[in-house]
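Trainee: I am new to this structure. Please take me through it, one question at a time.

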Amino acid sequence: MTTMTCSSSSNKDPPIAKKEKYEMEMFGDLRVDNYYWLRDDSRSNAQMLSYLQDENAYTEFVMSGTKRLEDQIYAEIRGRIKEEDISAPVRRGPYYYYERTLEGKEYVQHCRRLVSNNEAPPSVFDVMPTGPDAPPEHVILDENLKASGHAYYSIGAFKVSPNNKLVAYAEDTKGDEIYSAYVIDAETKTPLEKPLAGVTSNLEWAGDGAWLYITMDATLRPDKVWLHYLGTEKSNDLCLYHEKDDMFSIELEASESKEFLFVASGSKVTRFVFFFDISKPEKGLMPLTPRLDGIDTSVSHRGNHFFILRRSDECFNSELLACPLDNISATTVLLPHRERYEKLVQLFWAAALYISPPLLYSSCGLNPLDVVGFSSPLFLLYSLCGFKALSDSRVSPLSCLFLSVNLLNGDFDSFYRDNDHMIVKIQDVQLFTDHLVVYEREMGLPRITVFDLPPVGEPLERFQGGRHVDFIDPVYSVDPSESQFSSSILRFSYRSLRTPWSVYDYDMNTGISVLKKIETVLGGFDALNYVTERQWATAPDGTQIPISVVYQKNLVKLDGSDPLLLYGYGSYEHCLDPSFKGSRLSLLDRGFIYAIAHIRGGGEMGRQWYENGKLSKKNNTFTDFIACAEYLIEKKYCTKEKLCIEGRSAGGLLIGAVLNMRPDLFKAAIAGVPFVDVLTTMLDPTIPLTTSEWEVKPQKYPAILVTAGLHDPRVMYSEPAKFVAKLRAMKTDDNLLLFKCEQGAGHFSKSGRFEKLQEDAFVFAFIMKTLDMVPTLSSGEK
């Protein structure tokens, strides 16, 4: 056994973690973990803390030569921020609610103003008055005051009571995502009762005098939902449901109508829902959708119907159903599942048409003499398949010609793989009194479709048509925002790799969109200077993998000489949609290209995209990422010597895997809070979340930066710590290996808005150091 050597800022040698043999046996397999001692659930072991401090000191020493650059980048990033600003006001009843940021302050103030003319119906042209004659601003809660004395502070929920008199909020002061819930008077800010400790941030009002909240078991799994009446002791709270299966976790949400609360219990493949009638709390939770293995449901409400979004093995991209409140078993399909097979059949006949038009006619039960009204067989094809026009790019003559070769020779397998983009996935729905908004995904991009609803009380039938909201960028992100249920105004947020975070109000009756707020970017930012585009890489099995790209058009040469940062995630069906980040400009304005690999395991291309990147198919996630990297090199976006990669959390697992598989392909890697100790974690029932196995071996690795948060409840700090310790012992190169563990942070790094910027500046400085892009100081500056 070797001993741990402690390094200081004056010692150039990296810390070497001691080895203590720890054996784990399961299923007849014996594993040895020499660094298991680094795990301490209490985060108080002196030897472990000393090692983390040594790693931080070593990182600080190595990066001391780039401190000037780091400070310069930080100043750039902060200089782009309009520090004193407000969010887009949200109208709730007689008030506008919004958040205010103050110059030099890390956290927000939660504010409200009275609506001047509360009787007027909402309009997309409404503007909150702020002049001297406007109703005064009232600060309900100042997070800067609450954060005083805490190294970490985060508000996880801020819920206003239906009568606008009270506010319930949940705060975390460690970063471990274990919250305390408070209720205060919205006007006087006076606490109304003792806080409820040890809860999640998932809480909802059940009328004006009660609320529901969720607690967790010892592994931080949300397992119980409680009903609490204001003014009563927590010990008197009623447990409405206890989920005893440790594969399931509890969730809570309010209906848009505010008449019901929905409690869902879900695993990775199954989700069922109870409803809580706010007007009849004595009935408790009532079952709504059954607990059936492989069936995933979520529920909304409007009028005398529940709306049910349902996913199953057959309807893997979801269908939308409705049922009457008084007969939940009588469901009607409003939006059917749109599966790839339907398009495959259509395109099969597209191919058949080019081989043998009579085959198409006879298979459709038509005589060629009966179709003389069609100008061409191709026009007939489009009519039969329901396409809008001959210019529809989904079926071009050229694609038909190629398809005919594959399909009529029986090569359905490769065609099936290559046409993931033909699916439409229902991601979410949002209900209004007179409208239904559906958030979908097609071609790997989000879209919004609006449907008119019949008057409440009339029967619901299958929807047809729908109006799409148009977006301007080739790749982008769009998400629902809080809207008024009784209005015709849809609010959504929009951003792209070159478009700052924007809030729009969309009139669902007229189709008019009005920009309500766009993030101000100071320093002469001009979105037109940046190019954003989508590329497609081919995975080893032939699947086309989308890549989102952005760069500064006046700086990038696209001849292979440009540095590039490739980001990836690829887990939990999470959609890594392209979005704007002001700090990223410090890379783009130095000639970097930034790219996102939308690899399998994520949800960008539908449910099957996720299914094909997990469990026994998890390796697709890693080979997809490698294929994207190779494509970018082939197309001269960069070279191996200029290619840096980054991923966080499960994306950190991705980085660890591809580093082991293709260490020669990358110049530098950033693994943020990485899931890298899979087997040990998955086989330990006391650890909250699961990961994937790291497999370090003796070989050369590129420069690597690994980060962690001491109080992270999702990826325990010991996973990246052990990863680094084993890398140090086994790698055969002299490239940088740095580990930075934040002592006052959780999974999402530090909590202050400027503190987060400092972390970005540090990462960028590391990247530029590995690429030899650190400016040389003059003798006077030295």
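Mentor: First, a term. Helices (H or I, at least four residues) and strands (E, at least two) are DSSP runs, numbered from the N terminus. This is a predicted model: local features need pLDDT of at least 70, side-chain atom pairs count only at pLDDT 80 or more, and totals for chains, interfaces and linings use all residues. Residues are numbered from 1 along each chain as its sequence is written, and side-chain values use heavy atoms, with hydrogens and water left out.

Trainee: Where does Pro674 lie?
Mentor: Look between strand 36 (668–672) and helix 13 (678–682). Pro674 sits in the loop there.

Trainee: Is Pro674 buried or exposed?
Mentor: Buried means under 20% relative accessible area, exposed over 50%, and partly exposed in between (1.4 Å probe, protein chains only). Pro674 has a relative accessible area of 0%. Therefore Pro674 counts as buried.

Trainee: Which residues does Pro674 touch?
Mentor: Contact means heavy atoms within 4.5 Å. Residues up to four places away in sequence are not counted here. Pro674 touches Ser649, Gly652, Leu653, Val706, Thr707, Val715, Glu719 and Pro720.

Trainee: What separates the C-alpha atoms of Pro674 and Arg714?
Mentor: Along the chain, these two are 40 residues apart. Their C-alpha atoms are separated by 10.0 Å.

Trainee: How confident is the predictor, as a mean pLDDT?
Mentor: pLDDT is the predictor's confidence in each residue, from 0 to 100. In this protein, 84% of the residues reach 70 or more. The mean pLDDT is 86.

Trainee: How many contacts does the stretch of residues 1–10 have beyond near neighbours in sequence?
Mentor: The pLDDT is below 50 over residues 1–10. Where pLDDT is low, the predicted coordinates should not be read in detail. In the model, this stretch has a contact count, beyond near neighbours in sequence, of 27.

Trainee: Which residues touch the most other members of the largest nonpolar core?
Mentor: A nonpolar core is a set of buried Ala, Val, Leu, Ile, Met, Phe, Trp, Tyr and Cys residues joined through side-chain atoms within 4.5 Å. The largest one has 60 residues. The residues touching the most other members are Leu52, Leu564, Leu566, Phe625, Ile645 and Phe666.

Trainee: Which helix gives the largest share of this core?
Mentor: That share is 7 residues. They come from helix 11 (residues 619–634).

Trainee: What does Phe625 touch?
Mentor: Again, leave out residues up to four places away in sequence. Phe625 then touches Leu566, Tyr567, Gly568, Ala597, Ile599, Ile645, Leu654, Ile655, Val658 and Phe666.

Trainee: How many residues are in the other core?
Mentor: This core lies apart from the largest one. Its members include Met508, Tyr569, Ile596 and Leu738. The number of residues is 56.

Trainee: Which backbone oxygen lies 3.3 Å from a side-chain polar atom of Arg80?
Mentor: Arg80 is in the loop between helix 2 (67–79) and strand 3 (85–86). Arg80 is buried, because its relative accessible area is 12%. Among its contacts beyond four places in sequence are Thr520, Ser583 and Asp589. The backbone oxygen in question belongs to Gly582.

Trainee: What is the strand order in the open sheet of 4 strands?
Mentor: Two strands pair if DSSP finds at least two bridges between them. Pairing in this sheet is antiparallel. At the edges, each pairing on one side only, are strand 23 (424–431) and strand 26 (467–468). The order is 23-24-25-26.

Trainee: How many bridges join strand 23 to strand 24?
Mentor: Strand 24 covers residues 435–442. One bridge partner there is Glu442, which faces Val424 in the pairing. The number of bridges is 7.

Trainee: What is phi of Met443?
Mentor: Met443 lies in the loop between strand 24 and strand 25 (445–452). Met443 is partly exposed, because its relative accessibility is 37%. Phi is positive in this residue other than glycine, near 55 degrees.

Trainee: How many disulfides does the structure hold?
Mentor: A disulfide is a pair of cysteine sulfur atoms within 2.5 Å. Cys239 is partly exposed at 31% relative accessibility, and Cys315 is buried at 14%. The number of disulfides is 0.

Definitions and conventions. Polar contact = N/O pair within 3.5 Å; in protein donor to acceptor, adjacent residues only side chain to side chain.
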